[in-house]
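Me: I'd like a close look at one part of this protein: the open space in its surface and whatever hollow spaces sit inside. Could you walk me through what lines them and how they fit into the rest of the chain?

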Amino acid sequence: MTEPGQYSIPKGGVMISPKESSILLNREPRFEDTFCSLQAIPRLPKGMLKETKDAIAYAKKFNDEVIRPLALDIDRQTYADPEYLPWDLVKKVNEWGFYTMFIPRLFGGQGINMPASSYVVEELASACVGIANVVGVHYLGVIGVMGSWNSALTNKIFRDVAEGQRTGNPCLISLAITEPGAGTDVEEVELIDKGRVSCYAQKVKGGYIVNGSKVFISMGHVSTWCCLIAYTDLKKPSDNTITFAVKTGTKGFSFGKHEDKMGQRCCPASELIFEDCFISDENVLSNSKEIPPSKTRNVREIVEQYIQYAVGVTRPAVGAFGTGVARGAYETALKFASETEVDGKLLINHEWAQIMLADMYKNVVIGRLSYIEANYSNGLPGGIYDILQMKPMYYYLKYVPKVFLDLFVSPFLKLKFMNRIFFKLYVDGQSVEEQRRCSGWSSLAKVVGTDMGMKNCQMALELMGQAGLRHENGAEKIMRDAKLLQIYEGTNQLNRINLFANLIGRSIPQAKAFEE
């Protein structure tokens, strides 16, 4: 018989106490950080499965009716007209409801579970990752706003997005971080002070005067709102970070050029210019100098936490983009092999081609499993999805009539004490270890998905030979589109270091990261 406080594994095996089990499971690789899906799946509301399947089916229909008929033609158009902006495409995406799809119903959106967005962007990216970005980059801005803990401003901006869908006037949100002298540097708090940041916010009566510029801001020219990251002290930006919500048309805010890129050409990468731009206190999303006291973190650590909450969502999404690219390259190569004869028989019946196609299929699955596991990590305690995926909260937001949320719940979001509640939930509610788990998995998913995308593009061109270089066959466009994925949302080199810092080096006292 098993004694109290003990249990056995195999019949007749050794006994092990709960305390010893806990010690062993906390040994590297730690159980809690290694098997995220095993822990997360039992916690998920059953409604998420049908919701996700419906969202994927909807994305497949959008691919068939919109993306595939337009992708190559739009790519050609961007070469013929370097000033091309995708206004017609944005309106079509808005008509289909993609810009409100993953905004919580609490804020006027459709409220489809946020992890489903990764499956959707994989599907869209399998047809064209540039157009997938026209859909998905908006949610980079959504996460930037949502992660600020400013419930009143979040509610206002998200309801503008919902109103834009209702009226047919699209309202998109961009996230402006990258600067001419600081790219990857500003995505990790350890590197911000080493970068040459220049977007300066000076406090004046009633608000701030902002001067500086941002570059490579996806969808900047066609966005209504910009979530702008600036600094109140350029000598020590890590301790002096401020986030604004800036509306297009604000005096002193203008657009410069948009980049003539190699790939993803239908998704503009914009230059944003701020010249004595006054932004009122009402449009401050968060300010490191006004952060409430936290029991667990100092100001610098809270700034880092804000960044990690954002990239903890966006990096797996880029991994999903990469997985979609890997799939698109595989499907293009598969179609070619199924239709092309070599030495008197179809290419698909040559064993060497079968081996290549099997490897490409494997790469797609590896990329998908990586971003799915990162999403499961975000759904565990301390993850950004945790509260919204709690069964009572999920079903409440799903089934409570929208009119009730709009009339009786939304007004509370305008009260200042709600900011404090969100702050407590998301700042004090996440341990350092939980933050590391989410951050490490997000970087892993981004690296794996985008590397698999590039690998499959190379293999598709090798299999197709000279036919792969022809624009009408699509493979060369997929490869041009894919390379950018390894660069934005933190280069893959930075993400490898972040993965090391959070899931490997943490257990080795003499290991140091982000110090060179």
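Reply: Let's start with the lining of the largest pocket, whose residues split into 31 nonpolar, 13 polar and three charged. Keep in mind that you're looking at a predicted model. The space in this pocket comes to about 840 Å³. The lining has 47 residues, and those closest to the pocket's centre are Leu140, Glu187, Ser218, Tyr488 and Glu489.

Where do the lining residues of the largest pocket come from? Helix 6 (116-127), helix 7 (129-136) and helix 8 (138-146) are among the elements that each supply at least two. Strand 5 (207-218), strand 6 (225-231) and helix 11 do so too. Helix 11 gives the largest share, with 10 residues.

One residue to look at alongside the pocket is Gly490, which sits in the loop between helix 18 (475-483) and helix 19 (492-504). Gly490 has a relative accessible area of 3%, so it counts as buried. If you skip residues up to four places away in sequence, Gly490 touches Thr184, Glu187, Arg315, Lys446 and Asn495. Glu187 is a name you've already met, as one of the residues closest to the centre of the largest pocket. For a sense of distance, take Gly490 and Ile56: they're 434 residues apart in sequence, and their C-alpha atoms are 27 Å apart in space.

Now for the closed spaces. The structure has four cavities of 30 Å³ or more. The largest cavity holds about 200 Å³ of space. Its lining is made of 15 residues, and Gly111, Ile112, Asn113, Met114 and Leu388 are the ones nearest the centre. Two elements, helix 13 (386-389) and helix 14 (391-399), give two or more residues to that lining. Helix 14 has the largest share, at three residues. By residue type, the lining of the largest cavity comes out as 10 nonpolar, three polar and two charged.

Why does the largest cavity lie between two domains? Domain 1 (42-170) and domain 3 (299-507) both give residues to its lining, so the cavity lies between them. Those two domains have plenty to do with each other: 47 residues of domain 1 are in contact with 58 residues of domain 3. The C-alpha centres of domain 1 and domain 3 are 15 Å apart.

The second largest cavity has a volume of about 80 Å³. Trp149 is one of its lining residues, as are Thr241, Ile242 and Thr243. Ser286, Asn287, Ser288 and Ile291 also line this cavity, and so do Ile302, Val303 and Tyr306. Strand 7 (241-247), strand 10 (284-287) and helix 11 (299-339) are the elements that give two or more residues here. Helix 11 is thus a name to remember, as it also gives the largest share of the lining of the largest pocket. The lining of the second largest cavity divides into six nonpolar and five polar residues, with no charged ones. At least three of the lining residues come from domain 2 (175-290), and at least three from domain 3 (299-507).

How does this sit in the whole chain? The chain is divided into domain 1 (42-170), domain 2 (175-290) and domain 3 (299-507), and it has 19 helices and 12 strands. A compact globule of 516 residues would have a radius of gyration near 24 Å, and the chain has 24 Å, so the two agree. Along its principal axes, the C-alpha trace spans about 75 × 75 × 55 Å. Of the 516 residues, 56% count as buried. Among contacts with a separation of 6 or more, 76% are between residues 24 or more positions apart.

Finally, a residue outside those domain bounds: Gln39, which has its place in helix 3 (residues 36-40). Gln39 has a relative accessible area of 22%, so it's partly exposed. Leaving out neighbours within four places in sequence, Gln39 is in contact with Phe31, Glu32 and Leu380. Gln39 and Gln510 are 471 residues apart in sequence, and 31 Å apart in space from C-alpha to C-alpha.

How values were computed: Residues are numbered from 1 along each chain as its sequence is written. This is a predicted model: local features need pLDDT of at least 70, side-chain atom pairs count only at pLDDT 80 or more; totals for chains, interfaces and linings use all residues. Side-chain values use heavy atoms; hydrogens and water are left out. On a 1 Å grid over the protein atoms alone, a cavity is a set of points where a 1.4 Å probe fits but cannot get out, and a pocket is an open set with protein on both sides within 12 Å along at least five of seven lines; lining residues have an atom within 4 Å of a point. Grid points are joined across faces, edges and corners, and a volume is the space filled by probe spheres set on the points. Helices (H or I, at least four residues) and strands (E, at least two) are DSSP runs, numbered from the N terminus. Ala, Val, Leu, Ile, Met, Phe, Trp, Tyr, Cys and Pro count as nonpolar, Asp, Glu, Lys and Arg as charged, and the others, Gly among them, as polar. Domain bounds come from an automatic or database domain assignment. The radius of gyration is taken over C-alpha atoms; the globule rule is 2.2 Å times the number of residues to the power 0.38. Buried means under 20% relative accessible area, exposed over 50%, partly exposed in between (1.4 Å probe, protein chains only). Contact means heavy atoms within 4.5 Å.
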